[in-house]
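I opened my notebook to look up two things here: the enclosed spaces and the disulfides. Here is what I wrote down, in the order I looked.

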Amino acid sequence: MRFFAHLSVPIGLVALLTLGCSAEPDPIGGPDHGLDQATPTDLQDLDGPEPDHGTDPAVDPEPGCTDRDGDGRGQGCSLGFDCNDHNPLMYEGAEEICDRLDNNCNGVVDEGCPCDSGSIQACYQGPAGTEGLGACRAGWQVCIGTEWGLCESQVLPQAERCDRVDNNCDGLTDEGLTNACGLCGTTPIERCGDVLDNDCDGTIDEAEAGCDCEGRTNQPCYSGPPHTLGVGVCRGGRADCLEGTYGVCRGEIRPTPEICDGLDNDCDGLTDEGLANRCGQCGVPNPREICDGLDNDCDGLTDEGLALPCGRCSAAGLIEICGNGLDDDCDGHVDDGCLCQGDPACYPGPPATRGIGACSDGQLACDSIGEFWERCSGAVLPQPEICDGLDNDCDGHTDISPLGCSMCQTEPEICDGVDNDCDGHTDEYLRNSCGACLTSVDPEESCGPDCCNGLDDDCDGLVDETLVNSCGKCGESCYTRTWSSALDNLDEGQINGVDEDLSDGLRIGTLPYQYPYLWVANSGEATVTKIDTGRFEVIATYPVGPDPSRTAVDLDGNLWVVNQAFTTSGGTLRRGSVTKIQAEDCTGFDCVLFTRTLGEPGAIPRGIAVDDTNHVWVGTYEGRTLYELDPDNGQILDTYPVGLRVYGLAVDSDRILWISNLEQPNLGEGVLGAFDIDARRLVPGSPWLISGCSNPYGIALDAEGSVWLGNWTCNNVVRFDPAAQEFTSYAPAEPVLSEVRGAAVDGGGNVWVVAGASNLLGRLDPSEEIWQTFATCNGPMGVGVAASGTIWVPCWNSQVWYYDLEGGYLGSLPVGINPFSYSDMTGFALTNLVLRTGSWTVLLDCGYPDCQFDLVRWQASTPSGTRVLVRARTSLDSESWSAQEGPFELSPVELGDLVPGRFLEVSVTLHTTERAASPLVSEIEVQWQRP
């Protein structure tokens, strides 16, 4: 049986034409008498009869009322809401008829009607207002026979349990089940150092938990429950340590009760929960679906229960097209009024779903007379999606709801923009505050210093956490300590050779600068012995190269010794070498820094000296060459052939390198050479032939720049005046100083020599030409002056004797086999005669083991001929020290290469080559930070 709407049906009535069957065909084309070729105007009535609401809208329209289908209902209409303004049979209060439409607009289709067996619909049996809230959601039911079966897979309100889910669907989550932090389980314990309130007691890193914020300031902090940090609107701030505990976290945003404003105010990962409608709108009820091609009620379905079977909202203007198997005019019939011919496949559902997923064609059958197509049977149309391995709603996705989540409800939530666990929320707890997936974001602390930039790079609510230092800065100094004459605190440092009056600053004083050690070269066993000249004790003995002899102490207090490497008894020529030994902060063989060979085999290095820039100079006897060495690594910087047998070297304040030249076997032909370090050549006029008997051996300089030579077999000492270029000899009448070897000058200008054959120590006062002699050890070889006010004599009999400045014998110490020591074996000549030197050393205790010392700056006046050098080193315990950085001559200096530590030692050394001038240091400042 077919139904057609008559073109002239009055308003409010439905006229149904019942057309009977005829045994004979109608000559016009069938019992419909041509109505199968209905015009568009005719088809406008296929939506059904228009109800009589008492007003003809075409004649007397209600002002402000939008009523497209003439049923008197719609937007702004006094009679109420119209869920489908294209169908006059659908409006609030209409009678529900069995037409697969929601006629009364109550959200239920064909209630009370028998259902078609196998059809599926959504269902929810929970309390009103709970569907879609929290865990609650609709399920589905299947038509069995003509009745709907049980509602499957719906989630109804349950008892609340602690799982971050609103199980009872009341808009609250885990209420009454969480700890002080709002989490499940026991309350976490406080964790020191992260500037968070881990135990949620309102205090950050409290002292009761054993925490001490150690004076840190401006630290990233958060005093709310830690799991809310960086969630929703919650953000951290900055806090300062006050008496061991952090104070208020300035600028933070903590959770507040949720309000409907599009923000996650309570920072639980959900926005406007329980407050906004299904579409996320505040202050309005849940919207209703209307037939307009949109998902008005935000349930993931479009026009559900409102659209015609073909998926359209209205049949107006639609014409059936014969032969395509579709319900073109949306009347629920395929090819109605069309002659039976062609492909009988049919599909009365929305054309876009035909052949998609579970949707499939049915089959048309002819009427009883074999003329016109009857109803399509067997077609499978879109149904609500269920978990059955099929694409029930024919949208191209299997077991996926229109919202994009799995209908099987077995998938955990992953960060992919889909509601995988079908709880109504997408990617909950899986994205940071910037919206990026947590798994794709590196923590700020793993990014390193580059991320310390004042930004929340990992969007966790804290800015530069774990990256800022103790004062909340990115790699900038936090603390400053200053010593100055203005602050009157320069006396906190230890002075050496500095004027004791510190009221104007640091300047070189009249007392000698003191290096504490004497170094004795033991040629018979290839070692050097280190002696403390203040405590009169042997400190250590170190291995060096073969046949060590002349020694020199550099401006850092370290020792350099030349190893002569004489030809072996078998006639083998060997290469000589130089060894550097560290004076401080080392033990045992670790103090021997390196040994460097130089010269050709048999060249025999004998002279060594250090200039005012700390460069080391070595001269060879047979090689007749000078070598300039790098003070740090001993590498040869340059080579200068001088044509002189170098037996001893000394450098004066004018940077002239003096060379004693002992000629063998032609004794008596010795000369004195002079090499200009800056000009890199011999001084014009040199070498000078020593007048009279000349066998120059040891060499020394006095404070006036005169050169003193131990004149070996001539049994005297010779002075050379560089200004007059004159030699003067001095010898006592008695006793005879037989074989004068080493020579040295003390701070009072007295010249000390040893006579190896007569076992005497001699002292000459040049101003009065007064000699004094003192008995000494067997085979004295050299003589050294210590700043402690003692004279030291290494002896061939493996001893060293020491005296006071008046020649009084004080004692002796054992050393290695056969000392053969010459030159400046204590460093006294370099720092008190060649240069005038002073130093100031201060120890800074930052109070923590991980201080990073950043910078040292100073203010100094440096007249011509003066210099200020600054060095620094660090320690954890003020006993074991790092390698020293420096010397630095230009202020300020960055100390970034220093290893972190608790203690910083800063040494300021003052030098002058001008006897009457001194640099003046008025202020020293150190800057540092802690991680």
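**Entry 1: the largest cavity.** I began with its walls: 27 residues line the largest cavity, and Ala-650, Ser-823, Asp-824, Ala-829 and Leu-830 lie nearest its centre. My working rule, on a 1 Å grid over the protein atoms alone, was that a cavity is a set of points where a 1.4 Å probe fits but cannot get out, and that lining residues have an atom within 4 Å of a point. I noted that this is a predicted model, where local features need pLDDT of at least 70 and side-chain atom pairs count only at pLDDT 80 or more, while totals for chains, interfaces and linings use all residues. Residues are numbered from 1 along each chain as its sequence is written, and side-chain values use heavy atoms, with hydrogens and water left out.

Next I asked which elements give two or more residues to this lining. They are strand 15 (548-553), strand 19 (605-610), strand 23 (648-651), strand 28 (696-701), strand 32 (740-745), strand 36 (784-786) and helix 3 (828-834). Helices (H or I, at least four residues) and strands (E, at least two) are DSSP runs, numbered from the N terminus. Helix 3 gives the most, with five residues.

I put the space in the largest cavity at about 300 Å³. For volumes I took the space filled by probe spheres set on the points, with grid points joined across faces, edges and corners. By class, I found 22 nonpolar, four polar and one charged residues in the lining. Here Ala, Val, Leu, Ile, Met, Phe, Trp, Tyr, Cys and Pro count as nonpolar, Asp, Glu, Lys and Arg as charged, and the others, Gly among them, as polar.

**Entry 2: the other cavities.** How many cavities of 30 Å³ or more are there? I counted four. The second largest holds about 40 Å³ of space. Its lining is Arg-550, Tyr-647, Gly-648, Tyr-697, Gly-698, Ile-699, Tyr-822 and Ser-823. Strand 28 gives the most to this lining, with three residues. I sorted the lining into four nonpolar, three polar and one charged.

**Entry 3: the disulfides.** My search of the whole structure gave 28 disulfides (pairs of cysteine sulfur atoms within 2.5 Å). I looked at three of them.

I found Cys-65 joined to Cys-77, S to S 1.7 Å. This link is right-handed, with 80 degrees about the S-S bond. Both cysteines lie in the loop between helix 1 (40-43) and strand 1 (120-123), so the pair ties together parts that are 12 residues apart in sequence. Cys-77 is buried at 10% relative accessibility; buried means under 20% relative accessible area, exposed over 50%, and partly exposed in between (1.4 Å probe, protein chains only).

Cys-162 and Cys-184 have their sulfur atoms 2.0 Å apart. The torsion about their S-S bond is about -105 degrees, so I marked this disulfide left-handed. Both sit in the loop between strand 3 (147-148) and strand 4 (219-221), 22 residues apart. Cys-162 is partly exposed at 28%, and Cys-184 is partly exposed at 35%.

My last pair was Cys-213 and Cys-241, with sulfur atoms 1.9 Å apart. A torsion of about 70 degrees makes this disulfide right-handed. Cys-213 is in the loop between strand 3 and strand 4 and Cys-241 in strand 6 (residues 241-242), so the pair ties together parts 28 residues apart in sequence. Buried or exposed? I have Cys-213 as buried at 4% and Cys-241 as buried at 11%.

Notes:
1 Å grid on protein atoms, 1.4 Å probe; cavity = no way out; pocket = protein on both sides within 12 Å on 5 of 7 lines; lining within 4 Å.
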